[in-house]
Amino acid sequence: MKHLLVTACVVLLVSALSPAQNADKPKEYSSFDLTAIDKSVDPCNDFYHYACGTWLKNNPIPPDQSSWGRFNELHERNQTILRSILDKQSAADPNRDATNQRIGDYYYSCMDEASIEAKGTAPVKPYIDRIDAVKDKSEIPAVLGGLHQSGANVFFGFGSQPDFKDSKVEIATADQGGLSLPDRDYYFEKDAKSVEQREKLEKHIAKTFELYGESPAKAATDAKTVMKVETDLAKGALNRTDQRDPTKVYHKMSVDDLQKLSPAFAWNQYFATIHPPSLDSLNVAVPDFVKAMNDVIADNDLDTVKVYLKWQTLRGASPMLPKAFVEEDFDFYGRTLRGAKELRPRWKRCVQYTDNDLGEALGQAYVAEAFPPAAKARTLQMVHELEAALKQDITELSWMTPETKKQALEKLSRIDNKIGYPDKWRDYSSLNIVRGDAIGNSVRANRFEFNRQLGKIGKPVDRNEWGMTPPTVNAYYNPLENNVNFPAGILQPPFYDQKADDAVNFGGVGMVIGHELTHGFDDEGSQFDADGNLKNWWTPKDKEQFDTLEQCFVNEYDSFVVVDDVHIKGKLTLGENTADNGGLRIAHMALLDVLGTTPLKETDGYTPEQRFFISYGQIWCQNQTPQAARLQALSNEHSGPQYRVNGVVANSPDFAKAFGCKEGSPMVRKPACRVW
């Protein structure tokens, strides 16, 4: 369920196709940076600026970024490694194996701006012509099916997922989609900034239509049409906060019942186009959105619907179209929404596209270069150490009854650990990558992935499959599979460093591990049992107490003002805040267990526990544009970096003890929030 193409691509001369030996060498970063610390700040007053203050002053946001932090540093380092791999494989060497041919030719084609400019809008014209050729609304489902196969984000997304109530089986799912703004609330907020962003989106849509050849007058009219359609769709959509509640996005029903929800849309024609396995039932994530889609189709004339289809097609294709489209796409999504000043160099975008579309092919080479077996073994050992700490934490909880503790410990004992990369690499043999056909390669990759997802329907869930590529600087917990996933890309400095001591590594990747484990027991994960099924395993008394403890986090983070009058949304960020607080606590518990058998001495004037907390603080060092900070606060389930540090340590008596913080200090919250 991807867009026709990924996000905005940038323009760079083809001469930038440099050989591997001329590519920048990946920069090395330390996991514990003494030079980042600002000792003029009292750690008990503002720990984030104590741990990161000098780093923040010395690391302004690059013009092609909207934020710059330690995650970005590592992402850039990984991209440099990937660029070196892709530069080497992009040469037309007949001796390349099939895997290297695919990643090399995909990257070469993306970098070949001369060919992209020469083709103009021809690659997207067949899709626009197909929409223009529609003579009756009855044809819309078939056209939509073709657009979805190509990756266009039109009306809704369709794919597969584990059944929430029977998580061992994959079922079909239809979810809300087809909106151009980050969240449904962006269409309705009346503050000046929201109004301005909608006005700029409308101008962006009009400009894109003009670039495709429409007159300014028609483009302006069509842009208003798109805004009206998307606003009507958004009325039926869930906002980001509600989408986090599994009970609000699970509505299993028969295909006949789905058809009754939307009589103006012939689902049998849609299915006849995309060819899923035989469907008796599916999850309709947001029924009200399907109703809103039905009303858009039923209540508007055919031309209105066609204008919307064309916009979403052009929007998705823009990154691989000529320079004018790329720059226009960036102007809204990069400059207006995020505050970036310049497009990123094309090679960075093309590396990212290759990773998006061929991640497990590219990931094989990345793992061979950047993730030795020793790193995988040590990470797995740390996971077990964190699991032992969480087991102790649950066992000692004063607020949970033995009956619920038994269920929690059972769930913890059955969490599977996936470290670094898949045991079995994805087979891309059916994906044809054509040298010199950038947009065609992306469309075929989207079609490959769309069909791969459809192919899962009705089959057992493959719990060995990964949802992130190996070079990704991130990690995740999957509640439907009850497993934690740590890609090789994040198991690097500053998060994990083989040369650093345990105090530093437990504050970095140890906290990341603890964070993901805690997700199994946050407000969302706690609704799934050890098998990954949506099932209540709590006693009523314990659930009531859990909700009360969680509300403390909601209230705490609601109070944080990010920019202007924009606050963090405590309910939207509740899961991440719970995981941050719980993750740091159990990482510290695990460190103390290790120090009990392998003591560490004071280093550089800091005790092991102080280095643990500083290491934690420093992984979140980040500068943000005001636009990026606002976007994150309004539509992202993660709190901003400053609050992921200060909001957490203020709840930690271990932190207060390590730095001698007295009651009444800003970093000593009363009452402290704690669930796990």
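This is a short walk through the structure shown above, from its sheet to one of its helices and then to its core. Keep in mind as you look that the model is predicted.

Let's begin with the sheet. Four strands make up an open sheet, and their order across it is β2-β3-β5-β4. Strands of a sheet pair through backbone hydrogen bonds, and they can do this either parallel or antiparallel. Here the pairing is mixed. At the edges you will find β2 (156-163) and β4 (252-254), each of which pairs on one side only. If you look at how neighbouring strands of this sheet sit against each other, they are turned by 40° on average, direction ignored.

Now follow the strands one pair at a time. β2 and β3 form a hairpin, with two residues between them. Their pairing is antiparallel and runs over eight bridges. On the other side of β3 (residues 166-176) comes β5 (residues 281-284). These two strands run parallel and are joined by two bridges. A good residue to find here is Thr173 in β3, which stands opposite Gly159. Thr173 also has a bridge partner in β5, namely Asn283.

Next, turn to helix α19, which covers residues 502-519. Trace its path and you will see a bend of about 40° at Gly510. At the N-terminal end of α19, Asp501 acts as a cap: one of its side-chain oxygens lies 3.1 Å from the backbone nitrogen of Ala503. How does α19 sit in the structure as a whole, and how many of its residues are buried? Of its 18 residues, 17 are buried, so the helix is largely enclosed by the rest of the structure.

Finally, let's visit the largest nonpolar core, which has 195 residues. Which of them touch the most other members? They are Phe47, Phe155 and Phe158. Helix α15 (residues 346-370) gives this core its largest share, ten residues. To get a feeling for the surroundings of Phe47, look past its neighbours within four places in sequence. Phe47 is then in contact with Phe613, Ile614, Gly617, Val645, Asn646, Val649, Phe655, Phe659 and Met667. Try picking out Phe47 in the structure and finding these partners around it.

Technical notes: Residues numbered from 1 in each chain as written. Predicted model: local features only at pLDDT ≥ 70, side-chain atom pairs only at ≥ 80, totals over all residues. Heavy atoms only, no water. Core = buried A, V, L, I, M, F, W, Y, C linked by side-chain atoms within 4.5 Å. Buried < 20%, exposed > 50% of the residue type's maximum accessible area, 1.4 Å probe, protein only. Contact = heavy atoms within 4.5 Å. Pairing = 2+ DSSP bridges. Axes fitted to C-alpha atoms, helices over the stretch in contact; angles between N-to-C directions. Bend = angle between axes of the 7 residues up to and from the residue. Polar contact = N/O pair within 3.5 Å; in protein donor to acceptor, adjacent residues only side chain to side chain.
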